[in-house]
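Open the structure in your viewer and keep the selection tool at hand. The stops below say what to select next and what is there.

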Amino acid sequence: MKYRLLKLLVIGVLTGSMSIVAVGCGQGTQSESSTDVSDEGAQEEAVESVAEIDYANINFDYADEIAKMKKEVQVVPSAADIKLSVTDANQTTGLELVSSLDDKNTTDYYLNASLAEDELVFEGDIKSAKSSTAGELEVKDGSVSYDPENLNISKLKDEVITFTMESGEEYDVHTLPEEFPELSATGDGVSEADQGVYTFAVDKFLIRLNTEGEIVYYRNVNCAGEHQIENFAPQTVGDKQYYSVFVELNPDYRNCQGGFSSGYYLVMDENYNDVEEITLSANEDENHTHGEGYLDQHEFVMLGEDHYLKLSYTKLLVDNLPDGVEGLDGGNTAYVWAGIMQEVKDGKVIQEINTADYPLLYESAVEKIDYANSTDEGVNCTVGENEVFSLADGIMDYVHVNSMDYTLSDDGTVDKLLVSMRDQSAVYQFDMASGAMEWILGGKASTLSGYDDYTRTRTDDNGTEFEALTFGQHFAKYVNKSEDGTIDGNAVVSVFDNETGSAPFITAAEVPTLTRVFKATIDTGAKTAEISDVIDGTALNEQSDKYHIASHCGSVQYTSNTSVMIGWGLHGVIDNIGAMAPEGTISDKGYDDLRIGSRPIFTDYNLEDGSISYEVSGIRNANEENSEAFFSYRSYKSEQ
C-alpha cells in the first residue's frame, strides 16, 4: 500500500500577485498550477503532508431541521403543579421540584438538581417545615431558606423535608432523586496534592463528585426521554469556569449501536446556568461551503470566550474514492459519515477540516469499509438477538472521529489538531491552516515506527491483517502542552486504547478486549513513537475485583505521577445486562461475569506505586427505565 507525500506550499504575498499551491483548509483557494509570484514581500512556509487533499466540498444545511427539533427536546423538566416552589441565589437551571414517578403519589416530590453548599429558598404559603436531618426549620413570611446536608456516596442518605402548608396540604421533598444511580467508591484515597472534582454523566444524570465522595452537583435530564445526554465536561476558559454537555436532537441519525449522535452542545456557566446552544456553524469557504449542521457527542472544546473547536458527523455522497477502492456500481462514489472539525471564533469559521477531503482515509479505514454497498436508505442490523432497522447504517462510518486536541499559534488560533479516529485505529496530527496531515500513529497507514513491542496482529473488516498499535482507540490528548497552548520540543500524546475485542456487543468473542492507556512521545525528525507509562486494565482487576475494559468510549488524563484519571467508557456486553442477572449469564473471552456493576465508572490511579487511589462504580437504579446502556461516555478530573 503506497501513500503520497505531498508538500503543501502556502505563500502569502504582501505586494504583487498571489498563488497557493495545494491549498489550506481555511479561507484559501486551490490552483492546479502555480504562477509567477513576486519575491518582494513574500513569506513562504512549506508544510509536508502524508496524504493528498482532494476537496469533497459537498453543501448541506440542516438549519430548519435543527430549529424544529430544538423545540421538541426538553432539557428542563416541568415543575410539579403544587403550591410550593424552589429557587437559589444563582437561579441554577434545572433546579425544580418534580413529581414522583408514581402518578398516584401526590405527597412526594424531588429536587431535580442540587448544588452543594447552596442555600435553597422554598416558597409558597408554608406553615411549618421539618428536615429529617436538621429537625424543625424556620419559616419566615411563608418561605424557608435552607441548605440541605451534602450528599456523599460513602453513605448516600436521602434527606426529606416535610412542608405543611397553611391550606393543609403536606409535601415531602426529597434531596435524592428516585432514579439516581447507586454509586459506590473504593480505594486508599488520593493525596492532598491530587484532590479535585470528578465530572461524568450516567443514566442522564450530570454528576460532579469530589475526591472525598461528596456530590458537588447533580442534574437530572431524564426529561429528554430517549434522546442521548452525554459527555458532561468541565471547560476552563482563562479564569472562568464553564460546563458542556451533549444533547441529542435527531435519533434517526444514530446508528444501531449508538456509536455517534446528531445534536448540539449545551454550555453552562460557573453557576450551572444554561447560557448557549452550539451547533456546527455555516461556512462560506469555497473549499468547505455549507450551512448549519448537527454536532456529534464525541468532542467539544472551548478555547476562549466565543471560541470553540466543534465536531460533526455529516452524511455525504462523496466521489473521490482512490483507485483500488471500489465504490457504488464499481466507481469512486460512496455514502459516508464524514468527520467535520471546525474552529469558530466570534461566530465566524476560522478554519475547517473535513475527513472526506483525504482519499487516503477511505483506503486506510479498518471498519465500515463496504463502500460498494453503501446506501442512505438504511439497512437492517443485528443487535444481540434482535434485528433492527437503522437509517444511519449503510452509510459508511469509515473514520469515526472520537477526540480532538490542539496547540495554538501566536495569534491564538489553532495551529496543530490532534485527532483520534476509531475506525482507522489510528491517531493523526493535522496542520490546521494548510490541512496537511503531518503524521499518523498506528493503523494501516502509520508514518511512525519504534513501537513493535506494543502491537497485535489484527484484521480489518475485509480480513486484511495489519500490525495494530491500537484497535478502536477512543481518546488522544497532548500531555506536555503549556498553559499558553504551545509545545516545546517533541509532542507527548496520551491514548486510551480500547483494544476492542472481536464482538463487544454479542454473547461470545474470539478476540478478547484488553484495554490499556499509554503515552507516546512523537519524534517527527526520526519518525518514531516511543511508548511509555503503560497501564493495562487487566492488571488492575485483582486490585478492585472489577473488569477494567472498554470496547468503546473512555478517557485518560495523566495529571501527575500519582494521579492518572481513567474513565472506563462502555463495554456493551456488560453495560446492557442488568445487575441482578445471574453470574455467568453473558461473557466475553477472558471475562466471566459481565453484568452492570462489574466494571468501574472511573479509576484514579497512582502510577508511582501502582495502586488505585479512588475508584467509583455504579449500577442502575431499579426505578430507572432506560433502553440505553449504563455507562459514562467519559470521566474527567479537574481542580475544581
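A polar contact is a pair of N or O atoms within 3.5 Å; within protein, one of the two must be able to donate a hydrogen and the other to accept it. The model is predicted, and the tour starts with a residue that makes such contacts.

**Stop 1: S131.** Select S131, which is found in strand β8, residues 126-131. Which side chains join that of S131 in polar contacts? The side chain of E159 does so at 2.5 Å, and that of Y146 at 3.5 Å. Is S131 buried or exposed? S131 has a relative accessible area of 4%, and buried means under 20%, so S131 counts as buried. Now show its surroundings: leaving aside neighbours within four places in sequence, S131 is in contact with L137, Y146, E159, V160 and I161.

**Stop 2: the sheet that holds Y146.** Keep Y146 selected and add L120; Y146, in β10, is the bridge partner of L120. Extend the selection to strand β7, residues 120-124, which pairs with β10 in the antiparallel sense over 4 bridges. Then add β3 to see an open sheet of 3 strands, in the order β3-β7-β10, with antiparallel pairing. The edge strands are β3 (84-88) and β10 (143-146), each of which pairs on one side only. From one strand to the next, the twist averages 20 degrees. Strands of a sheet pair through backbone hydrogen bonds, either parallel or antiparallel.

**Stop 3: β12 and its partners.** Go back to I161, one of the contacts of S131. The bridge partner of I161 in β12 is V173. Select strand β11, residues 160-165, together with β12: the two run antiparallel and are joined by 5 bridges. They form a hairpin with 4 residues between the strands, and there G168 takes a positive phi near 105 degrees. Next select strand β5, residues 108-111, which runs parallel to β12 (residues 170-174) and is joined to it by 3 bridges. Within this pair, D108 stands opposite D172.

**Stop 4: the nonpolar cores.** Select L206, Y371, Y398, V401, L417, F430 and M437. These are the residues with the most contacts inside the largest nonpolar core, which has 87 residues. Centre the view on F430. Leaving aside neighbours within four places in sequence, its contacts include I353, Y358, L417, V419 and M437. For a second, separate core of 41 residues, select L183, I215, M565 and F602, which are among its members.

**Stop 5: D575.** Select D575 in helix α4, residues 572-575. What is the relative accessible area of D575? The value is 4%, and D575 is buried. Its side chain makes a polar contact of 2.9 Å with the side chain of R599. Not counting residues up to four places away in sequence, D575 touches G569, L570, I596, R599, A629, F630 and F631. To place D575 in the chain, add D460: the two are 115 residues apart in sequence and 25 Å apart in space, C-alpha to C-alpha.

**Stop 6: confidence.** Colour the chain by pLDDT. The average is 91, and 92% of the residues score at least 70. Select residues 1-5, where the pLDDT is below 50; this stretch has 13 contacts in the model beyond near neighbours in sequence. Residues 7-44 also have a pLDDT below 50, with 86 contacts beyond near neighbours in sequence.

Methods
Residues numbered from 1 in each chain as written. Predicted model: local features only at pLDDT ≥ 70, side-chain atom pairs only at ≥ 80, totals over all residues. Heavy atoms only, no water. Buried < 20%, exposed > 50% of the residue type's maximum accessible area, 1.4 Å probe, protein only. Contact = heavy atoms within 4.5 Å. Pairing = 2+ DSSP bridges. Axes fitted to C-alpha atoms, helices over the stretch in contact; angles between N-to-C directions. pLDDT = per-residue confidence, 0-100. Core = buried A, V, L, I, M, F, W, Y, C linked by side-chain atoms within 4.5 Å.
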